[in-house]
Amino acid sequence: MTASIISGKELAQEKRKQLAQEVKELKQQGVVPGLVVILVGDHPASISYIKGKQKASEEIGVAFTLEHFPESMEEKELLDVIEKYNHDESCHGILVQLPLPDHIQEKAVIEKISPLKDVDGFHPLNIGQMMIGEDTFLPCTPAGIVEMIKSANIEIAGKHVVVVGRSNIVGKPVGILLLNEHATVTYCHSRTPDLKEVTKQADILVVAVGRANFITGEHIKENAVVIDVGVNRLETGKLCGDVVFEDAKQIASHITPVPGGVGPMTITMLAHNVVKSARNSAERLQVSKEL
Ligand SMILES: Nc1nc2c(c(=O)[nH]1)N[C@@H](CN(C=O)c1ccc(C(=O)N[C@@H](CCC(=O)O)C(=O)O)cc1)CN2
């Protein structure tokens with residue numbers, strides 16, 4: 001039997017329709033959700049991802065602003081731009097596209113963004129809230145993965161999840177979100193001895209290493225759910241994931257494709273966070289009017 005495909009593209013379309021409806025309602029209350037994306041440099045992949053964010057924002061009705069600066073921009077200048085938007089009431093979400101040039105400290109930049117506008121969910125305060133299971137802005141790729149698993153009616157509680165990769169953006173938080181859903185979680189990384197012995201125990205295997213075709217059929221348990229987070233561009237120009245799709249298709253019960261899997265859901269969860277932030281801000285305004 002071949003695996004069912006969990007289409008992030010289709011789920012994203014469905015969620016974007018719901019978000020467009022929520023934005024319509026917010027606009028009737030006089031609130032236009034606003035997203036500011038900051039790009040430093042001309043990284044081609046970043047430019048392409050930002051175009052995706054702009055297209056989704058336009059589809060949903062979110063006001064999108066791009067602040068594009070040269071690679072030579074100083075860290076201080078970037079912090080000042082963030083400070084400006086922290087105080088701008090028309091802006092509900094601030095996102096600094098990663099990676100940043102080497103001379104700019106990612107940590108300082110993330111910490112500068114107001115936690116109330118941190119729609120990437122990368123600020124330590126929001127990460128802490130996520131760790132303890134409080135309502136907050138969740139990092140977009142991990143949140144999108146959880147939505148995709150749930151959309152396929154896959155039970156998470158009690159399952160053994162193996163996460164391959166330990167980045168702050170994807171690997172670490174996706175493990176925490178799935179732990180919060182009562183999974184048993186194991187993390188693997190470059191120093192894990194005998195990787196396939198661990199991955200073969202996974203009921204749900206999440207792969208986020210950024211290496212084309214890193215996971216083969218040998219790593220996958222029969223009927224596992226395989227979530228491929230990799231977006232790798234081959235020399236031929238073709239995109240592929242971290243998992244050999246043809247192998248996984250024969251073994252897994254479900255698999256996410258690349259392209260059209262986790263990527264579109266990352267962008268949709270960003271829009272979800274912007275709408276959530278606009279709603280929070282409308283509620284704060286209402287409370288302050290009532291006082
Ligand atoms: N500030 C952030 N920077 C980065 C993040 C992030 O969440 N916040 N994640 C990644 C890049 N990323 C979003 O920014 C991202 C990656 C991939 C996709 C996507 O839709 N991929 C498509 C293929 C796109 C293509 O043709 O190249 C797919 O998988 O179908 C969206 C967003 C690093 N930086």
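**Figure 1. Packing of helix H7 in the predicted model.** The buried residues of H7 pack against helix H5 (124-131), H6, E5, strand E6 (184-188) and strand E7 (204-207). In this predicted model, the buried positions of H7 are Gly171, Pro173, Val174, Gly175, Leu177 and Leu178. Just beyond the end of H7, His182 adopts a positive phi of about 75 degrees.

**Figure 2. Surroundings of Arg166, a position listed under "binding site".** The unreviewed UniProt entry lists Gly165, Arg166, Ser167 and Val231 for "binding site". Arg166 lies in the loop that runs between strand E5 (160-164) and helix H7 (171-180). Not counting residues up to four places away in sequence, Arg166 is in contact with Gly171, Lys172, Tyr187 and His189. Of these contacts, Gly171 is one of the buried residues of H7. Arg166 itself counts as partly exposed because it has 17 C-beta neighbours inside 10 Å.

**Figure 3. Surroundings of Val231, another position from the "binding site" list.** The UniProt record, an unreviewed entry, also includes Val231 under this heading. Val231 is placed in the loop between strand E8 (225-228) and strand E9 (232-233). Val231 is classed as buried because 20 other C-beta atoms lie within 10 Å. Leaving aside residues up to four places away in sequence, Val231 touches Leu239, Val258 and Gly263.

**Figure 4. The shell of residues around the ligand.** The ligand has 21 residues around it, of which Tyr49, Leu98, Pro259, Gly263 and Thr266 come nearest. Two or more residues of the shell are given by each of helix H2 (44-60), strand E4 (93-96), helix H6 (140-151) and helix H10 (262-290). H10 supplies the largest share, four residues. By residue class, the shell around the ligand holds twelve nonpolar, eight polar and one charged. Both domain 1 (29-113) and domain 2 (138-262) contribute to the shell, with at least three residues drawn from each. Gly263, among the residues that come nearest to the ligand, is also a contact of Val231.

**Figure 5. The region annotated as a catalytic domain.** According to the unreviewed UniProt entry, the annotation "domain: Tetrahydrofolate dehydrogenase/cyclohydrolase catalytic" covers residues 6-120. Over residues 6-120, helix accounts for 50% of the chain and strand for 16%. The C-alpha atoms at the two ends of this stretch are 23 Å apart.

Terms used: Residues numbered from 1 in each chain as written. Predicted model: local features only at pLDDT ≥ 70, side-chain atom pairs only at ≥ 80, totals over all residues. UniProt positions renumbered as here; feature names shortened; annotations may be inferred. Buried ≥ 20, exposed ≤ 12 C-beta atoms within 10 Å, placed from the backbone. Contact = placed C-beta atoms within 7 Å. Near = placed C-beta within 6 Å. Nonpolar A, V, L, I, M, F, W, Y, C, P; charged D, E, K, R; others polar. Domains from an automatic or database assignment.
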